[in-house]
Amino acid sequence: MPMYLTRFSYTPETWARMIESPEDRRDAARTYIESVDGKLHGFWYAFGEQDGWNLWEAPDNVSMAAVALAIGAGGALSSIETTVLLTVEDTMEALGKAKSIHYRSPGG
């Protein structure tokens with residue numbers, strides 16, 4: 001199954017609610033991804049541009065998009081961005097296919 005890395009940030013209101021009533025959000029995240037037959041591999045909070053990171057596995061892009069859309073629509077986040085991760089094997093295959101694409105620079 002494909003792997004996905006999601007970076008997210010909470011709204012100030014969400015942080016205020018979490019301070020008032022701390023909650024381990026891993027269980028919620030696990031429930032969301034398992035609803036599409038996926039798996040949560042990791043959940044971290046961070047300092048920096050994003051407040052947190054998730055590593056997920058999902059059956060396909062549509063399933064992962066559904067989870068990200070549902071979470072984003074919930075209103076607790078100020079930003080959410082998901083990246084599809086490629087295995088080394090997928091990247092090697094893509095490199096092989098790239099050889100057959102004869103790219104021409106604009107105006108070239």
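Where does G48 lie? I began with this residue in what is a predicted model, and I found G48 in the loop between β2 and β3, the latter spanning residues 52-57.

**Entry: the G48 turn.** I looked up the two flanking strands and noted that β2 and β3 form a hairpin with 6 residues between them, and that G48 in the turn has a positive phi of about 125 degrees. Is G48 buried or exposed? Its relative accessible area is 62%, and because the cut-off for exposed is over 50%, G48 counts as exposed. I also checked its separation from P22, and recorded that the two residues are 26 apart in sequence and 21 Å apart in space, C-alpha to C-alpha.

**Entry: strand pairing.** I then followed the strands, starting from the hairpin, where β2 and β3 pair in the antiparallel sense over 6 bridges, with G42 standing opposite L55 in β3. On going to β1, I saw that 6 bridges join it to β3, again in an antiparallel arrangement, and that F8 stands opposite G52 in β3. β1 also pairs with β4, residues 77-85, in the antiparallel sense over 8 bridges, and there the bridge partner of L5 is T83. How many residues of β1 are buried? I noted 6 of the 8, so this strand is largely enclosed by the rest of the structure.

**Entry: the core.** I next listed the largest nonpolar core, which holds 14 residues, and of these Y10, I33, L40, F43, W56, M64 and V67 touch the most other members. At least two residues of this core come from each of β1 (3-10), α2 (26-34), β2 (39-45) and α3 (61-73), and β1 gives the most, with 3 residues. I kept in mind the general tendency of nonpolar side chains in soluble globular proteins to be buried together.

**Entry: W56.** Which residues does W56 touch, leaving out those up to four places away in sequence? I recorded contacts with P2, M3, Y4, T6, A29, I33, K39, L40, H41, M64, V67 and I71. Among these partners, I33, L40, M64 and V67 also appear with W56 in the list of core residues that touch the most other members.

**Entry: a surface patch.** Last, I turned to the outside, where W15, I19 and Y45 form a nonpolar patch with about 320 Å² of accessible area together. W15 lies in helix α1, residues 12-20, and at 31% relative accessibility W15 counts as partly exposed.

Conventions. Residues are numbered from 1 along each chain as its sequence is written. This is a predicted model: local features need pLDDT of at least 70, side-chain atom pairs count only at pLDDT 80 or more; totals for chains, interfaces and linings use all residues. Side-chain values use heavy atoms; hydrogens and water are left out. A nonpolar core is a set of buried Ala, Val, Leu, Ile, Met, Phe, Trp, Tyr and Cys residues joined through side-chain atoms within 4.5 Å. Buried means under 20% relative accessible area, exposed over 50%, partly exposed in between (1.4 Å probe, protein chains only). Helices (H or I, at least four residues) and strands (E, at least two) are DSSP runs, numbered from the N terminus. Contact means heavy atoms within 4.5 Å. Patches are made of residues with over 30% relative accessible area and no salt bridge: like charges are joined within 9 Å, nonpolar side chains (Val, Leu, Ile, Met, Phe, Trp, Tyr) within 5 Å. Accessible areas come from the Shrake-Rupley method with a 1.4 Å probe; for residues, only the protein chains shown count as cover. A salt bridge is a side-chain nitrogen of Lys or Arg within 4 Å of a carboxyl oxygen of Asp or Glu. Two strands pair if DSSP finds at least two bridges between them.
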